[in-house]
Amino acid sequence: MATTVRDGAVTARPAGGTAAGRTVRSGPWLLTGHDGRLIVYVHVDDAVLRWTESSPGGPDWTGPDVLPLKGVSELTVVQGGNRYAHLIGRRIRGTADAPPAVDLVYAIQYQAGRPLSEWRSVGNPHAKRERTAQMGTPTAVVDTSGALHILVPTAEGHLAVRREGTGGRWEPWLDLKVAAVLDTPAAVATSTGEVHLLAPAGTGALTWCQPRPGGAPARGQDLGVVVLPGSATGVETSPGRVTYYVTDAVGGGVVAVRPGAWPVPVGGSPGDGRHTALATVLDGYSCTVLAHRDTEGRIVLGVCGAEDEHNGVWWTDTGTVCVGDPVLARDGLGRIVLLALTEDRGLALTRQQDGPGLTLGDWRPL
């Protein structure tokens, strides 16, 4: 049903959904294609399911298309300014009488609704096969040049990066050589060309930033918050400046943190999932929209001024229960869209409505 955030006043009513009929491993991911149509991906056993809007702004969809993907335990889906969708998976192969061989594979979808490219391997950062099984879950980011950066925690607790260089050639793996990484990092490519990273560690949060576009990531300032693994996300909140939103592993609430600034507790009641954040303009003001699943499994939505969290975040419990993490995007008409996997493993979304503040309309199943 409808959710409204306006001038600090909040109302919410629950939503429904339809069954997807498959075991979901990860996702959903929500991207905007080159022609303005939204695309949804969900990772299930031995496949990726894909839904595509029939026209920009909806409401009709086609799919799901079933894209075979065997042997992949974890998947991530990212997008760059050229609107290509990059799918990166952690693939496991082997026999009962030998240690499993684990590598990373990727494929690209160039246009909305079109087939994927061939799946290709980008290897792994380990020299010994027995260490590959301890490699973590990958993530990725696409910089303003269109280069794909793949990042993965290693068996030694380091963070390894491999970048697609000029002409599609892959550069060697780069070991960032820190021995305290607990989880896959949050990665953000800024409009000024740099890639920023935050990785949870035992006593705080580790950061890196490219000193210049195309440069090797350089260690930045450690941030004074203990991050719950699996919770961190980042968003560019002003040109070249990234704000990370994490769950405080000690206090349990949401914390906004930027390199060079004190962490700002902003409330909320997050569960153990990842936050999603979207930079937007509301009523002429630069704002950040946040969403997460709370401790009861319901979707909680927040709005604040960009880099102005100390003046408060307006939170609302939408009353809608979801499985996995909700995601935010903008559709081809520029409206904010919130997508969730519902209790019955169906997909449902709600869109921004006309009017002041942020008003979301009725939830609709795909």
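These legends describe close-up views of a predicted model.

**View 1. Two cis peptide bonds, each ahead of a proline****.** Gly 27 and Pro 28 are joined by a cis bond, with omega about 10°. Pro 28 belongs to strand E3, residues 24-32. A cis bond also runs from Gly 63 to Pro 64, where omega is near 15°. Pro 64 sits in strand E6, residues 61-68.

**View 2. Positive phi at Asp 46 and Arg 83****.** Asp 46 has phi near 65°, although it is not a glycine. Its loop runs between strand E4 (38-44) and strand E5 (47-53). Asp 46 is partly exposed, at 41% relative accessibility. Arg 83, likewise not a glycine, has phi near 75°. Arg 83 is found in the loop between strand E7 (72-79) and strand E8 (85-93). Its relative accessible area is 37%, so Arg 83 counts as partly exposed.

**View 3. The largest nonpolar core****.** This core holds 17 residues. Val 289, Leu 301, Leu 328, Leu 338 and Leu 358 have the most contacts inside it. Strands giving two or more residues to the core include E23 (276-282), E24 (285-293), E25 (298-305) and E26 (314-330). Strands E27 (336-342) and E29 (358-360) also do so. In soluble globular proteins, nonpolar side chains tend to be buried together.

**View 4. Surroundings of Leu 338****.** Residues up to four places away in sequence are not counted here. Among the residues that Leu 338 touches are Ala 291, Ile 299, Leu 301 and Leu 328. Other contacts include Pro 326, Thr 350 and Trp 363.

**View 5. Salt bridge between Arg 258 and Glu 309****.** The side chains meet at 3.0 Å, N to O. The pair links distant parts of the chain, 51 residues apart. Arg 258 is in the loop between strand E21 (254-257) and strand E22 (264-267), and Glu 309 is in the loop between E25 and E26. Arg 258 is buried, at 9% relative accessible area. Glu 309 is buried too, at 2%.

**View 6. Salt bridge between Asp 272 and Arg 293****.** The closest N and O atoms are 3.0 Å apart. Asp 272 lies in the loop between E22 and E23 and Arg 293 in strand E24, so the bridge ties together parts 21 residues apart in sequence. Asp 272 is exposed, at 57%, whereas Arg 293 is buried, at 16%.

**View 7. Salt bridge between Arg 120 and Glu 118, and a network****.** The closest N and O atoms of Arg 120 and Glu 118 are 3.6 Å apart. Arg 120 is partly exposed, at 48%; Glu 118 is exposed, at 55%. Salt bridges link Glu 53, Asp 331, Arg 335 and Arg 351 in a network. The salt-bridge count comes to 19.

How values were computed: Residues are numbered from 1 along each chain as its sequence is written. This is a predicted model: local features need pLDDT of at least 70, side-chain atom pairs count only at pLDDT 80 or more; totals for chains, interfaces and linings use all residues. Side-chain values use heavy atoms; hydrogens and water are left out. Helices (H or I, at least four residues) and strands (E, at least two) are DSSP runs, numbered from the N terminus. Buried means under 20% relative accessible area, exposed over 50%, partly exposed in between (1.4 Å probe, protein chains only). A nonpolar core is a set of buried Ala, Val, Leu, Ile, Met, Phe, Trp, Tyr and Cys residues joined through side-chain atoms within 4.5 Å. Contact means heavy atoms within 4.5 Å. A salt bridge is a side-chain nitrogen of Lys or Arg within 4 Å of a carboxyl oxygen of Asp or Glu.
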